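Visitor: I have a model open and I'd like to learn how to read what's inside it. Where do we begin?

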Amino acid sequence: MTAAIIIIAIIIFIWWNAFLPFYKDRNSEKLVSDESKCFSPECRSIICENGNREAVLMIHGYPTTPHMYSYSAARLRDAGYDVFAPLIPTFGADPEDFMKTDFTQWFNFIDDYYTGLRKRYDKVYVIGTSMGGAMTLKLAEKYSSTSLAMDKIVSISAPVCYNALLRYGIVTNPAAYIARTIGLFRKTIGLGIVNGRPDSEDGNEEWLGYKGTVINHGLSLWKAFNRIGKALADIKVPMFVMHDRGDRTVPFRNLAIIEKFCKDYIVCAREVEMDKRYRHSHHALLMYRSVQKEYTDEIIEFLRGGDE
């Protein structure tokens, strides 16, 4: 009897942590921008409005800021687009505020921001990296084949599954398999501000965001990414997708999943491989000085080109 109870307890423990049954983002409060709270002026939104009829929305990743797009935003501005790289509220601010929000709130903010642009401009393009790339895909899933559909999307280093060992052989973070239980006792682990990485290089020394772990964020992102991955077939807009083979943050295999379900709409799929000697994660590709010109050139060419 004791052995049976232990086995049942282990099964419940694995099921509860690995499949997140009944998990739901708890926060529903609408987020409002207040960039006066930013820990650095460089965290703030990048907005370039010049009266153009075409706009580009750039969605930053987790847990960073629009500063990752400083170079590419300027290039897109000079190419004749109005550019909007908004800071998602609570990012780049007090960690105590940041830890109280979740993916649903972040995405709802971006969703509202996007629909506002879609109503103002003749054409709107969406670019996202990492979590921002996943949000870009989610927007396309939601609005494809509707009057609010974007004209093209660019998704870079996007996670479309988090831990899916049995389905895809992908485990982004093994520790996540016990995170739900840990979250009953701790909210964060080592959470703090990162205002630059002086020990890094290639542009990554300018990275702004947070270090450490917010347990609930991990669960929220895990659930969100898996849902995005399951709805990829709903995307029906021209796509440019890119991922580095050596990405140390989001497994490269995510690109193959996107290609599998979106192959009819992918205009360009870039499997890139940066020099492994660089001391960074090979993830926030438009930040890195060694490749940002090449990759931004390709994106501008895609936006300007036809759909084939």
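Guide: Start with burial: a residue counts as buried when its relative accessible area is under 20%. Keep in mind that this is a predicted model.

Visitor: Is N254 buried or exposed?

Guide: N254 has 0% relative accessibility, so it counts as buried. You'll find N254 in helix 9.

Visitor: Which residue's backbone nitrogen lies 2.8 Å from a polar atom of the N254 side chain?

Guide: That's V160. V160 sits in the loop between strand 5 (152–156) and strand 6 (163–164). With a relative accessible area of 2%, V160 is buried too.

Visitor: What else does N254 touch, leaving aside neighbours within four places in sequence?

Guide: Besides V160, N254 is in contact with A158, P159, C161, I170 and H243. From the loop's side, and with the same kind of neighbours left out, V160 has contacts that include L137, F225, I257 and I258.

Visitor: And how should I think about the nonpolar residues?

Guide: In soluble globular proteins, nonpolar side chains tend to be buried together. Here, the largest nonpolar core has 62 residues, and F103, W106, L137 and I258 have the most contacts inside it. Among the elements giving two or more residues to this core are helix 4 (103–120), helix 5 (131–143), helix 8 (215–230) and helix 9 (253–262).

Visitor: How many residues are in the other core that lies apart from it?

Guide: That one has 33 residues, including L76, Y81, M274 and I299.

Visitor: Back to F103: what does it touch?

Guide: Not counting residues up to four places away in sequence, F103 touches M131, M135, L221 and F225, among others.

Note on methods. Residues are numbered from 1 along each chain as its sequence is written. This is a predicted model: local features need pLDDT of at least 70, side-chain atom pairs count only at pLDDT 80 or more; totals for chains, interfaces and linings use all residues. Side-chain values use heavy atoms; hydrogens and water are left out. A nonpolar core is a set of buried Ala, Val, Leu, Ile, Met, Phe, Trp, Tyr and Cys residues joined through side-chain atoms within 4.5 Å. Buried means under 20% relative accessible area, exposed over 50%, partly exposed in between (1.4 Å probe, protein chains only). Helices (H or I, at least four residues) and strands (E, at least two) are DSSP runs, numbered from the N terminus. Contact means heavy atoms within 4.5 Å. A polar contact is a pair of N or O atoms within 3.5 Å; within protein, one must be able to donate a hydrogen and the other to accept it, and residues adjacent in sequence count only if both atoms are side-chain atoms.
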